[in-house]
Amino acid sequence: MRLRWGRRARGMACQELVEVITDYLEGTLPAADRARFEAHLKVCPHCNRYLQQFRLTIREAGRIRADELPDELTDQLLEAFTNWRR
């Protein structure tokens, strides 16, 4: 079965997975939701790819030291993260 972005797979829609991915990676997602998350991954190649990209981004970003960033870039990043839901 091929799923499109946003369609439901085993009880969790792609959008919901995107919204809880941080909790999943931090290990704070409740057990029932974690099971739904992992069931979705079994049938959705797009969300699997998204999860792998997320993990890669975290790993690569973790290699950057804050004192290596120009002040202007630091300010831009802080503003983007502060206002991301607007």
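Trainee: What area does the protein expose, and which share of it do carbon and sulfur atoms supply?
Mentor: This is a predicted model, and the values discussed here are computed from it. The exposed surface of the protein comes to about 6,800 Å². The share of this area supplied by carbon and sulfur atoms is 52%.

Trainee: In what order do the elements of the protein run from the N terminus on?
Mentor: The protein holds four helices and two strands. Read from the N terminus on, these elements follow one another as β-β-α-α-α-α.

Trainee: What percentage of the residues of the protein count as buried?
Mentor: A residue counts as buried when its relative accessible area is under 20%. Of the 86 residues of the protein, the share that counts as buried is 21%.

Trainee: Which helix gives the most residues to the largest nonpolar core?
Mentor: In soluble globular proteins, nonpolar side chains tend to be buried together. Here the largest nonpolar core has twelve residues in all, among them Met-12, Leu-17, Ile-21, Phe-37, Cys-47 and Leu-51. At least two residues of this core come from each of α1 (14–26), α2 and α3 (45–61). With five residues, the helix that gives the most to this core is α1.

Trainee: Which residues does Ile-21 contact, leaving aside its neighbours within four places in sequence?
Mentor: Ile-21 is itself one of the residues of the largest nonpolar core, as are Phe-37 and Leu-51. Once the neighbours within four places in sequence are left aside, the residues in contact with Ile-21 are Phe-37, Tyr-50, Leu-51 and Phe-54.

Trainee: Is Leu-25 buried, partly exposed or exposed, and how far in space is its C-alpha from that of Phe-54?
Mentor: Leu-25 belongs to helix α1, and because its relative accessibility is 28%, Leu-25 counts as partly exposed. Not counting residues up to four places away in sequence, Leu-25 touches Leu-51, Phe-54, Arg-55 and Ile-58. Although Leu-25 and Phe-54 are 29 residues apart in sequence, their C-alpha to C-alpha distance in space is 9.4 Å.

Trainee: What separates the C-alpha atoms of Asp-23 and Arg-34?
Mentor: Asp-23 has its place in helix α1 and, at 31% relative accessibility, counts as partly exposed. Leaving aside neighbours within four places in sequence, Asp-23 is in contact with Thr-28 and Leu-29. Along the chain Asp-23 and Arg-34 are eleven residues apart, and the separation of their C-alpha atoms is 9.2 Å.

Trainee: Which residues of α2 are buried?
Mentor: Helix α2 covers residues 31–43, and its 13 residues reach 19 Å from the first C-alpha to the last, close to the 18 Å expected at 1.5 Å a residue. Two residues of the largest nonpolar core, Phe-37 and Leu-41, are found in the buried set of this helix. In full, the buried residues of α2 are Phe-37, Ala-39, His-40, Leu-41 and Val-43.

Trainee: How many of the twelve residues of α4 are buried?
Mentor: From its first C-alpha to its last, α4 reaches 16 Å, close to the 16 Å expected at 1.5 Å a residue. This helix is hardly covered, and the count of buried residues among its twelve residues is zero.

Trainee: Which residues make the nonpolar surface patch of about 280 Å²?
Mentor: One member of the patch is Phe-81, which has its place in helix α4 (residues 71–82). Because its relative accessibility is 61%, Phe-81 counts as exposed. The residues that make this patch are Leu-73, Leu-77 and Phe-81.

Trainee: With which residues does Glu-60 form salt bridges?
Mentor: The structure holds six salt bridges. Glu-60 is partly exposed, with a relative accessible area of 35%; Arg-59 is also partly exposed, at 47%, whereas Arg-63 counts as exposed at 57% relative accessibility. The N to O distance is 3.8 Å for the salt bridge of Glu-60 with Arg-59, and 3.4 Å for that with Arg-63. The partners are therefore, by the 4 Å limit on such a pair, Arg-59 and Arg-63.

Trainee: How far apart are the closest N and O atoms in the salt bridge of Asp-67 with Arg-65?
Mentor: Asp-67 is exposed, with a relative accessible area of 58%, whereas Arg-65 counts as partly exposed at 48% relative accessibility. In their salt bridge, the distance between the closest N and O atoms is 2.8 Å.

Notes:
Residues are numbered from 1 along each chain as its sequence is written. This is a predicted model: local features need pLDDT of at least 70, side-chain atom pairs count only at pLDDT 80 or more; totals for chains, interfaces and linings use all residues. Side-chain values use heavy atoms; hydrogens and water are left out. Patches are made of residues with over 30% relative accessible area and no salt bridge: like charges are joined within 9 Å, nonpolar side chains (Val, Leu, Ile, Met, Phe, Trp, Tyr) within 5 Å. Accessible areas come from the Shrake-Rupley method with a 1.4 Å probe; for residues, only the protein chains shown count as cover. A salt bridge is a side-chain nitrogen of Lys or Arg within 4 Å of a carboxyl oxygen of Asp or Glu. Buried means under 20% relative accessible area, exposed over 50%, partly exposed in between (1.4 Å probe, protein chains only). The expected span of a helix is 1.5 Å times one less than its number of residues. A nonpolar core is a set of buried Ala, Val, Leu, Ile, Met, Phe, Trp, Tyr and Cys residues joined through side-chain atoms within 4.5 Å. Contact means heavy atoms within 4.5 Å.
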